[in-house]
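Me: Please take a close look at a single part of this predicted model, and explain slowly how that part fits with what surrounds it.

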Amino acid sequence: MKKVVVTATRLDRLSEAVERVLPEGTELIEARFSRGPLLTLLVDREGGPVDHEFCARIISVVAPALEEEGYGGMIEVSSPGIERPLTRPSHFRRFVGHQVRVRVGEPVDGRRNFTGVIERVAEASFVLRLPEDGEEVELPFSSVTRAHLKEDLDK
């Protein structure tokens, strides 16, 4: 258990170092360790694609900051993709009207997994309209363990 806490604390520290050096208009969506020591950074930016050239530029900017934090491992930078994670309240605000999948730590109405459309967002929670019955459920941000867009490519 202690190793998980140390890793989470270290990941938070590394994320903060990355956020300090990102170019203006660039946002760190998620940072995670993948396949052992590989640090994966999902980034998005305003006004342009997250293409290979942009990712290479981000690596050149964040690598020195991560080295200063004692991280000398491999770094992977990529786009959050079409089913991008929602990791902050601002992400939920940005995607009001979009369909999402959400997992909560503590059951709400006997459920932990929800799929629905974000109807509205408050300071500490958001409301999903559920497709099966059109009912709405309010979920506190503090209970969300995982959330991501669920885009329908057939639209």
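Reply: It helps to begin with a definition: two strands are said to pair if DSSP finds at least two bridges between them. With that in mind, let us follow strand β2, residues 38–45, in this predicted model. Seven of its eight residues are buried, so strand β2 is largely enclosed by the rest of the structure; buried here means under 20% relative accessible area.

Strand β2 has a partner in β1, to which eight bridges join it, and these two strands run antiparallel. Within this pairing, L28 stands opposite V43 of β2. The two strands form a hairpin with three residues between them, and in this hairpin R35 takes a positive phi near 45 degrees.

Strand β2 also pairs with strand β3, residues 75–78, through four bridges, and here the two strands run parallel. One pair of bridge partners is L41 and V77, the latter lying in β3. To get from β2 to β3, the chain passes through helix α2, residues 52–68, and the resulting β-α-β crossover is right-handed.

The neighbour β1, residues 26–34, leads on to another feature, since it is among the elements that give two or more residues to the lining of the largest pocket. That pocket has a volume of about 450 Å³, and of the 22 residues that line it, those closest to its centre include I29 and E30. The lining divides into 12 nonpolar, four polar and six charged residues.

Notes: Residues are numbered from 1 along each chain as its sequence is written. This is a predicted model: local features need pLDDT of at least 70, side-chain atom pairs count only at pLDDT 80 or more; totals for chains, interfaces and linings use all residues. Side-chain values use heavy atoms; hydrogens and water are left out. On a 1 Å grid over the protein atoms alone, a cavity is a set of points where a 1.4 Å probe fits but cannot get out, and a pocket is an open set with protein on both sides within 12 Å along at least five of seven lines; lining residues have an atom within 4 Å of a point. Grid points are joined across faces, edges and corners, and a volume is the space filled by probe spheres set on the points. Ala, Val, Leu, Ile, Met, Phe, Trp, Tyr, Cys and Pro count as nonpolar, Asp, Glu, Lys and Arg as charged, and the others, Gly among them, as polar. Buried means under 20% relative accessible area, exposed over 50%, partly exposed in between (1.4 Å probe, protein chains only). A crossover is right-handed if, with the strands pointing away from the viewer, the path from the first strand over the helix to the second runs clockwise.
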